[in-house]
Amino acid sequence: MTVSAESNTSAHALLKVFSANGVDRVFLVPGESYLGVLDALYDFPQMDVVTCRHESGAAFMAGADARLTGRPGVVMVSRGPGATNASIGVHAAQQDAVPMILLIGQVPKKDVRKEAFQEIDYQKMFGSMAKWVVEVSTPEELAAAAFKAIRVATSGTPGPVVMVVPEDVQQAAVPQPGWVAAPDSPAQPAPVTLARVQALLAQARRPLIIAGGAFNRPDGRDALRRLAERHTIPVVVSFRQHDVFPNTHALYAGDLDLATSTAQIDAFNSSDLILALGTRLGDITTQGYAFPGYPKPSQALVHCYDDPHIVNQQFAADVGVVADPVATAHALAQLPATAHEHGHARDDWAASLRSIQQRTAAWPNPQVEDGVPFVQVVRALTEQAPNDVAICLDAGTFAAPVYRHFPFVYPQRLMASQSGAMGYGTPAAIATQLRHPDRKVVCLVGDGGFMMTGNEMAAAAERGLPILFIVSNNNCYGSIRLHQARTYPGRYVGTNLSSPDFAMMARAFGMASETVTQSDQVSAAIARGLAAAGPYFVEVRTSLAAILPKGVSHDAGVDLAPRTGLV
């Protein structure tokens, strides 16, 4: 049955609320269970519709877009298979603390909870990942649910919201509200709280700031830098938040990541005051809840986060500040400076941490015979990248040199998911280039992660997005092979990969491409990719030996032939 197009349907009301609240782009894989919403999108030409090839790619794009804008990234999928495919992006949004709205078409109302075709109880499915799961039961409720979804996704700790919309509630005539959610006023730290922190700062000879993703705001980076400089406090960034503080600054002390060096952790542990600002102090940032000491740190701890659920959740703080971290940093930066009270102690402390960080970040020169060490690619990129480059990273060992060596200075951006999900890199690059068409976007991805969502580069080819794609191909799930080599050396199962000709694959999508097989080809290939006016693809045949422990053969005990049957 053909439905006549009307501009006053419940689906229009939904989209009107989205549009009024700044949603100008949606990422989707079309499905019959939300045809009404798809039809209504026809009447919102100001809303860019990005058609994706897989729901995981669409969800990753929405999360990346949300990180760049601070507004909810919207992804639309069909029920059942579509929703399950998109779930990886919901989990990533929760881990990354970015606002997202996942809209799922649902079976007709009369069939709900009857185990109908492709039906899922989404409250059960997403209840532990999403901030709110709502199943709309009447057309009149759809706009109000959309309005609440925007508020929930962006309040407190930002995160994902799931809207479930039965297919027969999308096309009824309803009023068309244009509600706009007023932004929350940033919660300010109380004067008595600032006085307590000031007293701790006055006593501290070796203070340390752990800075989190809450500073990923227009004024956040400036507030953090001014605070650090005001009181001469070294800054270490939390997990994958490298771009919130300039890595070239004398007060930059490094990052708390999966491979933070023992020397750095030992030095951080000798601090006498920790200001944990805008970080949830999750397990990786705290090195498995070992730094600071769990549950009561040996040094004084100030933990500031704009969510009472987070403060004092794992670590008992001497001063728990439920307030906006950026507002708190601004306020602390206006307090009387405290460094002079300890002579040169703060300067010496900062210099010692900076020295350790610079030794850690020194470029290695690996000597291998089985391909190009990917660190050489990262070094060439560091030397040539523009000062506003956005680097979109997938998960894998190839990314380690970026985290350790690339000196991010805003407006350079690091786009990497804290969920560690493979497949994030290519969709994130698409979303980033769409949001910032005048910047250079570089996607770094391994051969394993690229095969998960690399098909989304079709959008780059279709729209002429000038993304530089660099695929590290070592024919292996490298990070898992590394764990195998450490734990079960010589017993490698399930990590060998047989990859296609990636450069030829990119050409089939309509991209210029090339393959790098030797180290002396790297610099010129990156130069060509950065200069390209359209999408450009570089496959680098990389070394597996370079990522494995020294003295461990990458092929020891390996059955290189695929296991295709019984022997």
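# Exercises: sheets and helices in a predicted model

Six strands make up an open sheet, ordered 2-1-3-4-6-5, and their pairing is parallel. The model you are looking at is predicted, so keep that in mind as you work through the exercises.

**Exercise 1. Find which strands stand at the edges of the sheet with the order 2-1-3-4-6-5.**

Step 1. Read the strand order from end to end: 2-1-3-4-6-5.

Step 2. Look at the two ends. Strand 2 (48-51) and strand 5 (132-135) are the edge strands, and each has a single partner strand. One side of each is therefore left without a neighbour in the sheet.

Step 3. Add the twist. Ignoring direction, neighbouring strands of this sheet are turned by 20 degrees against each other on average.

**Exercise 2. Describe how strand 1 and strand 3 pair, and what helix 3 touches on this sheet.**

Step 1. Strand 1 (residues 25-28) pairs with strand 3 (residues 73-77) in the parallel sense, over three bridges. As a reminder, strands of a sheet pair through backbone hydrogen bonds, either parallel or antiparallel.

Step 2. Pick out one pair of residues: Val26 stands opposite Val74 in strand 3.

Step 3. Now bring in the helix. Helix 3 packs on the sheet and touches strand 1, strand 2, strand 3 and strand 4 (100-106). The direction of helix 3 makes about 165 degrees with that of strand 3.

**Exercise 3. Work out whether helix 3 is roughly parallel or oblique to helix 4, and name the residues that meet.**

Step 1. Start with the geometry. Helix 3 (residues 55-69) and helix 4 (residues 81-96) pack at an angle of about 30 degrees, and their axes are 7 Å apart.

Step 2. Compare with the cut-off: angles under 35 degrees count as roughly parallel. Helix 3 is therefore roughly parallel to helix 4.

Step 3. Note the handedness: the crossing of these two helices is right-handed.

Step 4. List the contact. From helix 3 come Glu55, Ser56, Ala59 and Phe60, and they meet Gly82, Asn85, Ala86, Ile88, Gly89 and Ala92 in helix 4. Sorted by class, the residues of this contact are five nonpolar, four polar and one charged.

**Exercise 4. Find the edge strands of the sheet with the order 9-8-7-10-11-12, and the helix that packs on this sheet.**

Step 1. This open sheet has six strands, and the pairing is parallel.

Step 2. Strand 9 (252-255) and strand 12 (319-322) are at the edges, each pairing on one side only. From one strand to the next, the twist averages 15 degrees.

Step 3. Zoom in on one pairing. Strand 7 (residues 207-211) and strand 8 (residues 235-237) pair in the parallel sense over three bridges, with Ile209 opposite Val235 in strand 8.

Step 4. Helix 11 (residues 345-360) packs on the sheet, where it touches strand 7 and strand 9. Its direction makes about 40 degrees with that of strand 9.

**Exercise 5. Decide how helix 12 lies against helix 19, and sort their contact by class.**

Step 1. Helix 12 (residues 374-384) and helix 19 (residues 522-531) pack at an angle of about 50 degrees, with axes 9 Å apart.

Step 2. That angle makes helix 12 oblique to helix 19. The crossing is right-handed.

Step 3. In helix 12, Gln376, Val377, Ala380, Leu381 and Gln384 meet Val522, Ser523, Ile526, Ala527 and Leu530 in helix 19. This contact has seven nonpolar, three polar and no charged residues.

Conventions: Residues are numbered from 1 along each chain as its sequence is written. This is a predicted model: local features need pLDDT of at least 70, side-chain atom pairs count only at pLDDT 80 or more; totals for chains, interfaces and linings use all residues. Side-chain values use heavy atoms; hydrogens and water are left out. Axes are lines fitted to C-alpha atoms, for helices over the stretch in contact, and angles run from 0 to 180 degrees between N-to-C directions. Helices (H or I, at least four residues) and strands (E, at least two) are DSSP runs, numbered from the N terminus. Angles under 35 degrees count as roughly parallel, over 145 as roughly antiparallel, 65 to 115 as roughly perpendicular and the rest as oblique. A crossing is left-handed if the near helix is turned anticlockwise from the far one by less than a right angle, and right-handed if clockwise. Contact means heavy atoms within 4.5 Å. Ala, Val, Leu, Ile, Met, Phe, Trp, Tyr, Cys and Pro count as nonpolar, Asp, Glu, Lys and Arg as charged, and the others, Gly among them, as polar. Two strands pair if DSSP finds at least two bridges between them.
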